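Biologist: I am new to this structure. Could you show it and take my questions one at a time?

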Amino acid sequence: ADLAGLVAALPAAGALPVRTVLVPTERHAHALRRSLVASGSAHALAGTRFVGAATLALEVLREAGSDLRPGEEGLRPARILALLEEGDWKRGAEAGS
């Protein structure tokens, strides 16, 4: 599948479009940006965020009101994994629906 085409096809309604694309590395994000420009879909870059899994997980935890303390960066991956395994993210998602 053409990833640039899939990114360009993501819905982004409204005056200020917003899309979030999960990428494994910044290198992948850069390649997707280049592909969007090369394919004539540079307009899709406006409002599109390319984020890694760790960044996205951190933002989800902040939105959920989790207590994030300075200096815990080394423990954060284990805490995120524990939360995902507990299924707390499922309960939060169901409550928001």
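Modeller: The answers below go from the source of the model to its elements and its core. This is a predicted model, in which local features need pLDDT of at least 70 and side-chain atom pairs count only at pLDDT 80 or more, while totals for chains, interfaces and linings use all residues. Residues are numbered from 1 along each chain as its sequence is written, and side-chain values use heavy atoms, with hydrogens and water left out.

Biologist: In what order do the elements of the chain run from the N terminus on?

Modeller: Elements are DSSP runs numbered from the N terminus: helices are H or I with at least four residues, strands are E with at least two. The chain has 5 helices and 2 strands. From the N terminus on, their order is α-β-α-β-α-α-α.

Biologist: In which sense do strand 1 and strand 2 pair?

Modeller: Two strands count as paired if DSSP finds at least two bridges between them. Strand 1 covers residues 19-22 and strand 2 residues 48-51, with 4 bridges. R19 stands opposite T48, and T20 stands opposite R49. The sense of the pairing is parallel.

Biologist: Of which hand is the β-α-β crossover?

Modeller: A crossover is right-handed if, with the strands pointing away from the viewer, the path from the first strand over the helix to the second runs clockwise. Here the chain leaves strand 1, passes through helix 2 (residues 26-38) and reaches strand 2. The crossover is right-handed.

Biologist: Which side chains of strand 1 are buried?

Modeller: Buried means under 20% relative accessible area, exposed over 50%, and partly exposed in between, with a 1.4 Å probe and protein chains only. In a regular strand the side chains alternate between the two faces of the sheet. T20 and L22 point to one face and are not buried; the buried ones, on the other face, are R19 and V21.

Biologist: Why do the buried residues of helix 2 line one face?

Modeller: The buried residues of helix 2 are A29, L32 and L36. Directions are taken from the helix axis to the C-beta atoms. Seen down the axis, these residues line one face because they fall within an arc of 65 degrees.

Biologist: Which exposed residues does the face of helix 2 turned away from its buried side carry?

Modeller: The buried residues of helix 2 pack against helix 1, strand 1 and strand 2. The face turned away from them carries the exposed residues R27, R34 and A38.

Biologist: Which element gives the largest share of the largest nonpolar core?

Modeller: A nonpolar core is a set of buried Ala, Val, Leu, Ile, Met, Phe, Trp, Tyr and Cys residues joined through side-chain atoms within 4.5 Å. The largest one has 9 residues: A4, V7, V21, V23, A29, L32, L36, A44 and F50. Helix 1 (3-9) and helix 2 are the elements that give two or more residues to this core. The largest share, 3 residues, comes from helix 2.

Biologist: Is H43 buried or exposed?

Modeller: H43 lies in the loop between helix 2 and strand 2. Its C-alpha is 8.2 Å from that of A8, although the two are 35 residues apart in sequence. With a relative accessible area of 56%, H43 is exposed.

Conventions: Contact = heavy atoms within 4.5 Å.
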